[in-house]
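Hi,

Here's the structure I said I'd pass on. Have a look first, and my notes on what turned up follow below.

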Amino acid sequence: MSKTDYYELLEVSRTCNDGELKSAYRKLAMKWHPDKNPGNAEAEVRFKEISEAYDCLKDPQKRAAYDRFGHAAFENGGGGGGPGFGADFASTFSDIFDDLFGMAGGRRGGGGQRGGRERGADLRYNMEITLEEAFSGKNATVRLPTSIVCETCSGSGAKPGTQPTTCRTCGGAGRVRQAQGFFTLERTCPSCQGRGQVIEDPCPSCAGAGRTTKERTLEVAIPAGVEDGTRIRLANEGEAGMRGGPPGDLYIFLSLAPHEFFQRDGADLFCRAPISMVTAALGGTFEVPTIEGDTHKVKVPEGTQSGKRFRLGGRGMPVLRSRTRGDMYVQVVVETPQNLTRRQRELLTEFERECSGETHPESSGFFAKVKDFFAGDAD
């Protein structure tokens, strides 16, 4: 069954530009998206087809190949393509794109280089620290198993006294050429996997890899002011490279443990402090702990309401790589007394009788509005 032309699927001309192509795809994708057509099998098929078409045509190299050879450029079996296109044409063409794009970042097959050297993988280490440690900074010790350069062969992968030899298949180029009709295509050498060298007598300690596994201990300096999710990069402390290749990097990802008293928002700290009803009404003071480990006295003015927030300037977290600090905010919560004695109840009852709108302006105003509201309905 032949496939529909990609341009027809996207309802664009073969001379359309990138903007027209993207606009057409977005319009059709919104129309046929499965979320907008639940249970519609036809919509799901159409969405996959237009996505496949756009994925091909948005890429300049793939589009050029499609314009010349049609679907045969990417399908096994040729599909009626030109002469010389066998069943492995798609995989061969895939090698071309690997060269064009995979090599652009200095990579081949996961970081390989001619000569057998391959860059080591980057490593990730998750570390949890306390808020106090994030405030003051710390020197942490990290222990992790990782690959290091083989001491026996010094990373070459070859048995001591021997050396890797030039690959006979590619002559050390790491690539081989193959004629396909009127094309001459180049692909990774299957004998040396693109390294250009082969190890005929591998090192007995590392089996030719040029590295072995060992637990390492590293010291990590965590600066003051780090936040949850901060990433620290230790260059060249990752996995050792293959056959003497450069090492990767180690990334330390920091997470902050929950604190029993403080919540953090950027460089600011927030906490809640309960105060008695009497302190809120008459005014007074109370002490709160700070992130430095000492206490700070907070003055409560007369008539303080529950939820009132007090700002302690410069008592928050340090700003990373700066001499400035955030603020600390203390929100008071007026505590309602419980388990009252008989005498205490009598006093509160007497106090309630003496209260007026002036002592409770907010509640008096609220209930006055409620009264007016229902009075209006009655009219």
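First, a bit of vocabulary: a crossing of two helices is called left-handed if the near helix is turned anticlockwise from the far one by less than a right angle. Keep in mind, too, that this is a predicted model.

That term applies to helices α2 and α3, whose crossing is left-handed. Helix α2 covers residues 18–32 and helix α3 residues 41–57, and they pack with their axes 9 Å apart at an angle of about 165°. Angles over 145 degrees count as roughly antiparallel, so that is how α2 and α3 lie to each other. On the α2 side, the contact is made by Leu21, Lys22, Tyr25, Leu28, Ala29 and Trp32. From α3 come Ala43, Arg46, Phe47, Ile50, Ser51, Tyr54 and Leu57. Sorted by character, the residues of this contact are ten nonpolar, one polar and two charged.

Next, the cores. The largest nonpolar core holds 36 residues, and Ile222, Ile252 and Phe286 have the most contacts inside it. Setting aside residues up to four places away in sequence, Ile222 touches Met127, Ile129, Gly137, Lys138, Ala140, Ile232 and Leu254. There's also a second, separate core of 20 residues, with Ala24, Phe47, Ala53 and Tyr54 among them.

One last spot to look at is Ser147, in strand β2 (residues 138–149). Is Ser147 buried or exposed? Its relative accessibility is 11%, so Ser147 counts as buried. Not counting neighbours within four places in sequence, Ser147 is in contact with Arg211, Thr212, Thr213, Gly238, Glu239 and Ala240.

Cheers

Technical notes. Residues numbered from 1 in each chain as written. Predicted model: local features only at pLDDT ≥ 70, side-chain atom pairs only at ≥ 80, totals over all residues. Heavy atoms only, no water. Core = buried A, V, L, I, M, F, W, Y, C linked by side-chain atoms within 4.5 Å. Buried < 20%, exposed > 50% of the residue type's maximum accessible area, 1.4 Å probe, protein only. Contact = heavy atoms within 4.5 Å. Axes fitted to C-alpha atoms, helices over the stretch in contact; angles between N-to-C directions. Helix = DSSP H or I, 4+ residues; strand = E, 2+ residues; numbered from the N terminus. Parallel < 35°, antiparallel > 145°, perpendicular 65-115°, else oblique. Nonpolar A, V, L, I, M, F, W, Y, C, P; charged D, E, K, R; others polar.
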